[in-house]
Amino acid sequence: MDSDRNQIPEDRKNPQWADFLSWFNEYYTQGEHGVIYSDLRSPDILIKVVNVDITDGWSNADQADFFEDNWKRNVEGLVDVYSFARSPVVSAITNKLKGCVLTTSADYQSVMNVFELGDKDELAMWAMEKADYVGLTHPNMSKKEMVNAVAEAAYNIQIQTGYGIFDLKEQNYGFREDGSAFIFDFNYQDDGFTLEEYREKVRNGVTRRFINPTRQG
Ligand SMILES: Nc1ncnc2c1ncn2[C@@H]1O[C@H](COP(=O)(O)OP(=O)(O)OP(=O)(O)O)[C@@H](O)[C@H]1O
Ligand SMILES: [Mg+2]
């Protein structure tokens with residue numbers, strides 16, 4: 001694992017969306033709001049792409065703003081982000097995003113339904129570390145240790161950014177092999193929470209139907 005991690009790019013100069021064209025590998029999975037791709041450079045990197053102009057709420061726009069503001073700051077508890085860029089909806093990028101779905105067995109239309117691409121929309125994309133374990137699934141930690149680690153990750157993000165973090169369901173955070181927890185998907189608000197409130201949120205976010213995609217094929 002450590003040797004793989006050495007391949008992770010060290011410089012965080014401002015990339016352009018065109019740089020991302022040479023990084024997209026294959027469709028990896030999707031959430032309700034974003035699509036995740038693997039990265040040709042390393043199996044330890046994932047790229048998330050969101051349409052920031054989706055009108056059913058501003059969470060994509062807010063999340064993109066958050067990552068744009070914080071990706072170079074090494075915020076402890078936040079997923080490590082290596083590159084961030086925005087792009088207009090132009091064929092150079094959409095052909096790539098579509099092509100990387102078509103080469104997989106994924107349901108093309110369901111991916112396009114997440115993007116909801118409109119001509120004048122803006123996309124945001126960021127390359128980030130891939131969690132070794134998604135959710136409360138670290139093999140060498142107790143449930144209590146994992147809940148604490150995730151709560152502390154959220155609390156640290158709050159201390160360093162000033163925002164309260166929520167939507168702490170298992171699909172939205174993960175662990176590194178060394179047991180450190182980080183959050184890669186969340187909503188945020190101006191009001192903060194106590195560490196105990198974060199523990200409660202993590203416990204409440206546990207669902208029995210949770211499926212860990214890192215365990216698939
Ligand atoms: N950094 C990461 N490491 C490992 N897996 C990840 C990472 N980022 C995303 N994933 C996987 O992709 C899924 C979808 O990503 P994410 O939660 O960011 O999308 P979303 O559309 O914002 O989700 P939601 O449906 O919660 O709004 C995650 O639940 C997780 O399984
Ligand atoms: Mg999510």
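**Core, ligand shell and C-terminal helix of the predicted model**

In this predicted model, the largest nonpolar core comprises 56 residues, and those with the most contacts inside it are Ile47, Met128, Val150, Ala153, Ala154 and Ile183. Helix H6, spanning residues 143–161, gives the most to this core, contributing 9 residues. The core is shared across the domain assignment, in that at least three of its residues come from each of domain 1 (2–129) and domain 2 (133–206). For Ile47, when neighbours within four places in sequence are left aside, the residues in contact are Phe20, Trp23, Phe24, Tyr37, Asp39, Met125 and Ala127.

The chain as a whole contains 7 helices and 10 strands, and buried residues make up 37% of its 217 residues. Among the contacts with a separation of 6 or more, 71% are accounted for by residues 24 or more positions apart.

Ligand 1 is surrounded by 19 residues, of which the closest are Gly31, Glu32, His33, Gln171 and Asp185. Two elements give two or more residues to this shell, namely strand E2 (34–39) and strand E3 (42–51). Divided by class, the shell around ligand 1 has 8 nonpolar, 7 polar and 4 charged residues. As with the core, which draws at least three residues from each of domain 1 and domain 2, the shell around ligand 1 takes at least three residues from each of these domains.

In helix H7, which covers residues 195–204, the buried residues include Tyr198, Arg199, Lys201 and Val202. These four residues lie on the same side of H7, because they cover an arc of only 160° around the axis. Such an arrangement can be read against the geometry of an α-helix, which has 3.6 residues a turn, so that residues three or four places apart point the same way. Glu196 and Asn204, by contrast, are exposed on the other side of H7. The packing partners of the buried residues of H7 are H6 and strand E7 (164–166), and H6 is also the helix that gives the most to the largest nonpolar core.

The segment after H7 includes Thr207, which counts as exposed because it has 11 C-beta neighbours inside 10 Å, where exposure requires 12 or fewer. Not counting residues up to four places away in sequence, Thr207 touches Lys169 and Glu170. Thr207 is also 9.5 Å from Gln171, C-alpha to C-alpha, although the two are 36 residues apart in sequence; Gln171 is itself one of the closest residues to ligand 1.

Technical notes: Residues are numbered from 1 along each chain as its sequence is written. Chains are lettered from A and ligands numbered from 1 in the order in which they are written. This is a predicted model: local features need pLDDT of at least 70, side-chain atom pairs count only at pLDDT 80 or more; totals for chains, interfaces and linings use all residues. A residue is near a molecule or strand if its C-beta atom, placed from the backbone, lies within 6 Å of it. Ala, Val, Leu, Ile, Met, Phe, Trp, Tyr, Cys and Pro count as nonpolar, Asp, Glu, Lys and Arg as charged, and the others, Gly among them, as polar. Domain bounds come from an automatic or database domain assignment. A nonpolar core is a set of buried Ala, Val, Leu, Ile, Met, Phe, Trp, Tyr and Cys residues joined through C-beta atoms within 7 Å. A residue is buried if 20 or more other C-beta atoms lie within 10 Å of its own, exposed if 12 or fewer, and partly exposed in between; C-beta atoms are placed from the backbone. Two residues are in contact if their C-beta atoms, placed from the backbone, lie within 7 Å. The arc is that of the directions from the helix axis to the C-beta atoms.
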